[in-house]
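Subject: A structure for you to explore

Hello,

Here is the structure I promised to pass on. Please open it next to this email, and then read on for what I found.

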Number of protein chains: 2
Amino acid sequence: MPNSVDRPSLSRSIEDYLKVIYKLELESGSAQTSAIADALAIAPPSVSGMVKRLADAELVTHVPYRGVELTEAGRRQALRMLRRHRILESYLIGHLGYDWDDVDREAERLEHAVSDDLVERMAVKLGNPTHDPHGAPIPSAAGTIDPTRYLPMTEIEVGHAGRFRMIGDADPERLRFIASLGLRPGAEFRVLDRQPFNGPVTIELDGDRKEVIGFALASSLQCEQLEEPTLP
Amino acid sequence: MPNSVDRPSLSRSIEDYLKVIYKLELESGSAQTSAIADALAIAPPSVSGMVKRLADAELVTHVPYRGVELTEAGRRQALRMLRRHRILESYLIGHLGYDWDDVDREAERLEHAVSDDLVERMAVKLGNPTHDPHGAPIPSAAGTIDPTRYLPMTEIEVGHAGRFRMIGDADPERLRFIASLGLRPGAEFRVLDRQPFNGPVTIELDGDRKEVIGFALASSLQCEQLEEPTLP
DNA sequence: AACTAAATTTATGCCAGCCTAAATTAGCCC
DNA sequence: GGGCTAATTTAGGCTGGCATAAATTTAGTT
């Protein structure tokens, strides 16, 4: 089986664009120029230029003034980057003593440099995990990913129990705050109170009453709503 | 202690130039434009251009038409790269199952991406080694390096014993050949015969007679000549 | 239907790093 | 010291990837 070598190996920039476009499609269904520019902290015209190149390389399709969509090849590459990132995070935490909250920067640097071979070696050392320490699913080497969608904590109904599944965020400060509340992937809680407009959510966790504050925070906590309250 | 952050962090290209210039200075005492171009597999005019930028950044001094010399800052950066490379090689071999002979490519990619923090974490996991698996000395985090110079195997006198110390080469084929002879850093041998002009060297190793062939090969084997023959 | 605000694209320009071709310099030989 | 050769530098060009300013399109009023 002649490994699919001799693909031109994407530039660091292109890899970042694909990753961001993938995330935007997932979160909001579409990837618009200004959203990409925002996420990459560059000016919108620069995105227009790159989008042209990505479309030429058939990694995205582009409808002018409307936004961009990953092609099959583009999605494959994006998932490959996501796998690298999450395997790297897992390895750095598991084998090199990195903390939950500050591993993202390092993984971000390395994901553009490691070979597929090294990623797979790390995966083996980790026991081929399917989820990273933040609870996020790790795409398989073949490019498939667990499609389960969870709810933001802000949408779980008052009185219901929930299980915290993953944190879709990499900001160290937020991660530290979440960890300080005792929220880890798999943790079960009950929603005691909830303010409208994605306001604070009050939960009971491990017998304690805790307040989860801030729109960006509670809405980035991906949870599953449990049918039967587990804390009656 | 405000860590020396906010240095502009050298580009990948610049890091490669500094590494190559360091090696050339070490091997032949001077670093000339064409030698740099050769080592990096780029055209000489490109080197001229980069040398100008390196000189502007005070990483090298440049005497037109004469060559280039690392400044103190340049040498510091070169040693930092060497430390990264050798720690990475050691870690990949020791903890991720890489082989002696094909670890170089991976380390070469990673050395531009890893953070100093990660390098030091790997060094700790390895027990702060002073030499890598090829026998090459690893610069300290402070930027000092074991200055010991060994002899190429081709210069050890017939009848004398020697100790193999390090292989100054990364070519996988050569490394495999050397490994197949049983030559590992620390191995002791006796020179039985030696052809002039860096020709083949015949040695006795572990009781067997072996022939080390090829100029580039035997001369890249750095050895120490033992005063008292150990195999009488 | 026309006007306006916001998003997007086009037009230009800059820098890093590479290239080739042409000009320059160094080193050597007689 | 003149001339040849090899090494080096200058000149000019290209691509990737960013920027700003100006033009264009979309969408939401009214």
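Leu118(A) touches five residues of the other chain, if we leave aside its neighbours within four places in sequence: Leu92(B), Leu96(B), Tyr98(B), Glu106(B) and Leu110(B). Contact here means heavy atoms within 4.5 Å.

Before going further, a word on how to read all this: the model is predicted, so local features need pLDDT of at least 70 and side-chain atom pairs count only at pLDDT 80 or more, while totals for chains, interfaces and linings use all residues. Residues are numbered from 1 along each chain as its sequence is written, chains are lettered from A and ligands numbered from 1 in the order in which they are written, and side-chain values use heavy atoms, with hydrogens and water left out.

Leu118(A) also belongs to the largest nonpolar core, which has 32 residues. Such a core is a set of buried Ala, Val, Leu, Ile, Met, Phe, Trp, Tyr and Cys residues joined through side-chain atoms within 4.5 Å. Buried means under 20% relative accessible area, exposed over 50%, and partly exposed in between (1.4 Å probe, protein chains only). Among the residues with the most contacts inside the core are Leu96(A), Leu110(A), Leu96(B) and Leu110(B). Helices 4 (72–96), 5 (103–110) and 6 (116–125) of chain A and of chain B each supply at least two residues of this core. Helices (H or I, at least four residues) and strands (E, at least two) are DSSP runs, numbered from the N terminus.

Now for the DNA. Which residues come closest to strand D? They are Ser11(A), Ala43(A), Ser46(A), Ser34(B) and His62(B), out of 21 that surround the strand. Of the atoms of DNA strand D that come within 4 Å of the protein, 76% belong to sugar and phosphate. Three side chains have a polar atom beside a phosphate oxygen of this strand (a polar contact is a pair of N or O atoms within 3.5 Å): Ser46(A) at 2.6 Å, Arg66(A) at 3.0 Å and Thr33(B) at 2.9 Å.

Finally, have a look at two loops of chain B. Ala41(B), between helix 2 and helix 3, has a positive phi near 60° although it is not glycine. Ala41(B) is exposed, with a relative accessible area of 68%. Glu58(B), in the loop between helix 3 and strand 1 (60–63), also has a phi near 60°. Glu58(B) is exposed at 59% relative accessible area.

Enjoy exploring!

Terms used. A residue is near a molecule or strand if one of its heavy atoms lies within 4 Å of it. A polar contact is a pair of N or O atoms within 3.5 Å; within protein, one must be able to donate a hydrogen and the other to accept it, and residues adjacent in sequence count only if both atoms are side-chain atoms.
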